[in-house]
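Here are my notes after a pass through the model, in numbered points. Have the structure open while you read.

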Amino acid sequence: MCGIIGFVGREEAAPILLDGLERMEYRGYDSAGIAVRSETKGLQVKKCKGRLRVLSDLTHGGADLEGTLGIGHTRWATHGEPNDINAHPHVSENGQIALVHNGIIENYLEIKEHLMKLGVTFTSDTDSEVVAQLLAFHYNECHNMLEAVGRVLRRIEGSYALGIVCSDYPNALIAARKDSPLIIGYGENGNFIASDVTAIIKHTRDVVYMGDGEIAVLTADSVDVFDDEMLPLEKQHSTVDWDVSAAEKGGYAHFMFKEIMEQPEAIRKTVSPRIREGRVVLDDVSMTAEYVRDISRIFIVACGSSYHVGMVSKYNWERLLRRPVQVDLASEFRYSDPLVDEHSLVVVISQSGETLDTMAAMREAKRRGARTLAIVNVVGSSIAREADDVLYTWAGPEIAVATTKAYSTQLVLMDLIGLYLADLLGTVEKSEYDAILAEIQALPEKLQRFLDHFEDVQYFASRYFNHNSIFFIGRNLDYAMGLEGSLKLKEISYIHSEAYASGELKHGTISLIEPGTLVVALGTYAALFDKAMSNVVEVKARGAEVLAVTTESFREKMEKTADATIVVPDTHPMLQPSLGVVPLQLFAYYVALQRGCDIDKPRNLAKSVTVE
Ligand code: AGP
């Protein structure tokens with residue numbers, strides 16, 4: 001959840017570190033810090049609570065710190081409150097070692113107690129400081145940094161990406177990783193480590209993804225990577241093919257808005273390469289028709305918005321495949337003793353490819369013999385590398401914490417996979433297959449049509465932004481879409497919100513509806529439109545204010561009942577959430593804007609959740 005960066009080279013490190021941290025601030029933003037080493041000034045550490053600009057002001061844009069070797073960190077607190085002391089880098093008591101850490105050290109208390117008995121004094125409440133102190137302890141035993149790092153890694157349990165500098169090694173940056181992302185970047189003027197490509201794309205596109213248990217030693221001109229037994233490794237280089245502007249705001253006020261507007265193009269990029277001669281082609285999937293026929297149950301496992309994609313796909317895939325499809329929250333699945341075996345296909349969905357619960361669920365599924373297919377946005381991420389098959393969403397870098405374009409591309413990719421599997425199984429008529437595929441290809445244009453004129457969404461947001469509690473209701477695909485609309489709203493506007501399957505309302509929740517309560521009624525799913533309308537009438541009868549989202553076909557009917565109506569273009573019923581979710585994203589965005597919220601970096605959240 002935190003972001004780490006390191007640089008060793010022929011340029012001043014501090015400005016590079018600050019710039020990289022700024023690009024990664026979405027990963028964590030409660031405190032930040034950098035440590036830079038120079039011959040004359042030794043190890044200099046600056047860290048503080050608050051956003052990165054506080055650190056930047058404190059160091060005059062990095063000008064106060066001298067040296068061409070350094071590490072930096074932007075924090076999302078797990079152990080210890082966000083304050084100056086708990087901020088990274090953490091420095092060993094003797095001032096020899098500074099370290100940044102992303103992840104969680106599970107056995108830190110036991111190690112801390114042991115070191116305290118040996119006389120070590122701790123200053124912070126963090127698990128990360130324990131690693132710095134333990135490293136200093138072992139280094140002073142063996143006087144060899146690599147050996148000391150090896151001893152520490154054998155002792156600590158949990159997840160980590162580490163960036164380490166030691167005053168005795170003025171030209172070397174040391175890195176290690178397990179279950180937390182870390183990449184190495186090869187630059188002209190030096191080499192980098194970072195949690196995320198976005199931090200270093202300005203300097204290099206030539207990267208190596210570190211694997212679990214690996215340790216790296218970087219100097220200005222060399223990178224050596226070792227396995228957990230300190231044997232040297234030959235790593236495969238990758239080239240980052242997206243442009244630096246993709247990770248910049250490009251004139252938009254917020255990344256979230258930019259990413260909403262990028263959705264037509266993102267969907268096009270996800271879809272186009274996968275359709276050839278009127279058929280879905282998934283070159284990266286190695287499942288045979290025979291294997292697919294042998295699948296008895298499909299599991300879709302994910303967290304948050306990715307889970308909501310799974311909810312939509314469950315409805316669509318069961319309809320298309322006539323096979324049981326179960327959608328599970330990864331955090332529940334992993335501990336549920338799941339009934340998964342070699343006849344199960346487990347599809348995991350993750351934008352970041354680093355969500356710990358999703359990764360653990362996938363490992364559990366593999367352990368039980370299932371085949372795993374990962375739908376991932378971040379190339380080279382842990383989930384992408386561990387899954388049996390991976391399909392990328394090609395949404396480009398998503399910076400806003402609240403997902404939009406990654407969600408949309410996941411959705412459309414799941415639709416393509418559904419069609420592909422149905423074709424292999426022979427469970428879809430050709431005419432239906434062709435109709436769905438044609439509509440998938442038309443989605444970018446239809447979405448663009450909506451995005452060219454959404455002034456009404458902005459207007460309704462200004463009308464309703466001061467509500468304290470908002471309900472989203474809908475049936476079937478509209479219910480699944482409502483879950484996402486509700487999550488978007490609560491995560492960036494902090495308004496209490498719930499999504500309900502309309503039919504469930506009268507089993508309890510309707511008691512919360514009182515005069516003036518805002519209900520967002522979703523009526524885009526044609527097959528159940530009339531039933532959904534009955535529920536709209538029920539909440540209206542109890543005084544609710546109803547903001548509806550519907551399709552061009554149902555506009556007239558909806559306008560007769562709802563207080564306000566947003567209309568999206570018609571498409572194949574299965575694909576309607578791809579269009580219907582966009583006004584919900586925009587509604588959340590404009591409500592948050594009206595309320596003065598920090599849209600791209602909502603409180604308490606981080607972009608990739610690498611802790612349990
Ligand atoms: C969505 O807006 C959230 N930020 C969050 O629910 C997210 O979808 C979830 O944490 C899963 O992330 P992943 O797709 O990277 O695994």
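1. Start with G185, whose bridge partner in β11 is V207. Bear in mind throughout that this is a predicted model. The two strands involved are β9 (residues 183-186) and β11 (residues 206-209), which pair in the antiparallel sense over three bridges.

2. Step back and that pairing turns out to sit within an open sheet of eight strands, with antiparallel pairing and the order β3-β2-β4-β1-β10-β9-β11-β15. Which strands stand at the edges? Those are β3 (42-49) and β15 (238-239); each has a single partner strand, so one side of each is left without a neighbour in the sheet.

3. Now for some parallel pairing. Strand β18 (residues 297-302) runs parallel to β20, and five bridges join them. On the other pairing, β20 and strand β21 (residues 371-376) are also parallel, joined by six bridges. V348 is a handy residue to click on here: V348 is the bridge partner of V301, and V348 also stands opposite A374 in β21.

4. How many of the seven residues of β20 are buried? Seven of the seven, across residues 344-350, so the strand is largely enclosed by the rest of the structure. The side chains split by direction, with S344, V346, V348 and S350 pointing one way and L345, V347 and I349 the other, and all are buried. Note that there is a serine at each end of the first group, S344 and S350.

5. The connection out of β20 is worth a look too. Together with helix α11 (residues 356-367) and β21, β20 makes a right-handed β-α-β unit. E364 falls within the range of that helix, and its side chain meets that of R368 in a salt bridge (2.6 Å, N to O). Is this pair buried or exposed? E364 has a relative accessible area of 14%, so E364 counts as buried, while R368, at 24%, is partly exposed. Elsewhere, salt bridges that share partners tie R177, K178, D179, D212, R363 and E386 into one network.

6. In total, a search of the whole structure turns up 39 salt bridges. One of them I would check by eye is K601 with E25, at 3.3 Å from N to O. This one links distant parts of the chain: K601 lies in the segment after α19 (576-594) and E25 in the loop between α1 (13-23) and β2 (31-38), which puts them 576 residues apart. Both K601 and E25 are buried.

7. Another salt bridge joins the side chains of K446 and E439 (2.8 Å, N to O). The lysine, K446, has 12% relative accessibility, so K446 counts as buried. Q448 has its place in helix α14 (residues 430-452); at 30% relative accessibility, Q448 is partly exposed. If you want a distance to check, Q448 and V412 are 15 Å apart, C-alpha to C-alpha, with their positions 36 residues apart in sequence.

8. A few backbone details to check. The peptide bond from H88 to P89 is cis, with omega near 0 degrees, and P89 is in the loop between β4 (69-75) and β5 (90-91). M230 is not a glycine, yet has a positive phi of about 70 degrees. That residue, M230, sits in the loop between β13 (223-226) and β14 (232-233) and is partly exposed, at 23% relative accessible area. W394 likewise has a positive phi, near 50 degrees, without being a glycine. W394 is in the loop between β22 (389-392) and α13 (405-425), and is partly exposed with a relative accessible area of 34%.

9. Finally, the overall picture. The chain has 19 helices and 27 strands. Its radius of gyration is 25 Å, close to the 25 Å that the globule rule gives for 612 residues, so the chain is as compact as a globular protein of that length. The C-alpha trace spans about 75 × 55 × 45 Å along its principal axes. Buried residues make up 61% of the 612, and the accessible surface comes to about 22700 Å², 48% of it from carbon and sulfur atoms. Of the contacts between residues at least 6 apart in sequence, 72% join residues at least 24 apart.

Methods: Residues are numbered from 1 along each chain as its sequence is written. This is a predicted model: local features need pLDDT of at least 70, side-chain atom pairs count only at pLDDT 80 or more; totals for chains, interfaces and linings use all residues. Side-chain values use heavy atoms; hydrogens and water are left out. Buried means under 20% relative accessible area, exposed over 50%, partly exposed in between (1.4 Å probe, protein chains only). Helices (H or I, at least four residues) and strands (E, at least two) are DSSP runs, numbered from the N terminus. Two strands pair if DSSP finds at least two bridges between them. A crossover is right-handed if, with the strands pointing away from the viewer, the path from the first strand over the helix to the second runs clockwise. The radius of gyration is taken over C-alpha atoms; the globule rule is 2.2 Å times the number of residues to the power 0.38. Contact means heavy atoms within 4.5 Å. Accessible areas come from the Shrake-Rupley method with a 1.4 Å probe; for residues, only the protein chains shown count as cover. A salt bridge is a side-chain nitrogen of Lys or Arg within 4 Å of a carboxyl oxygen of Asp or Glu.
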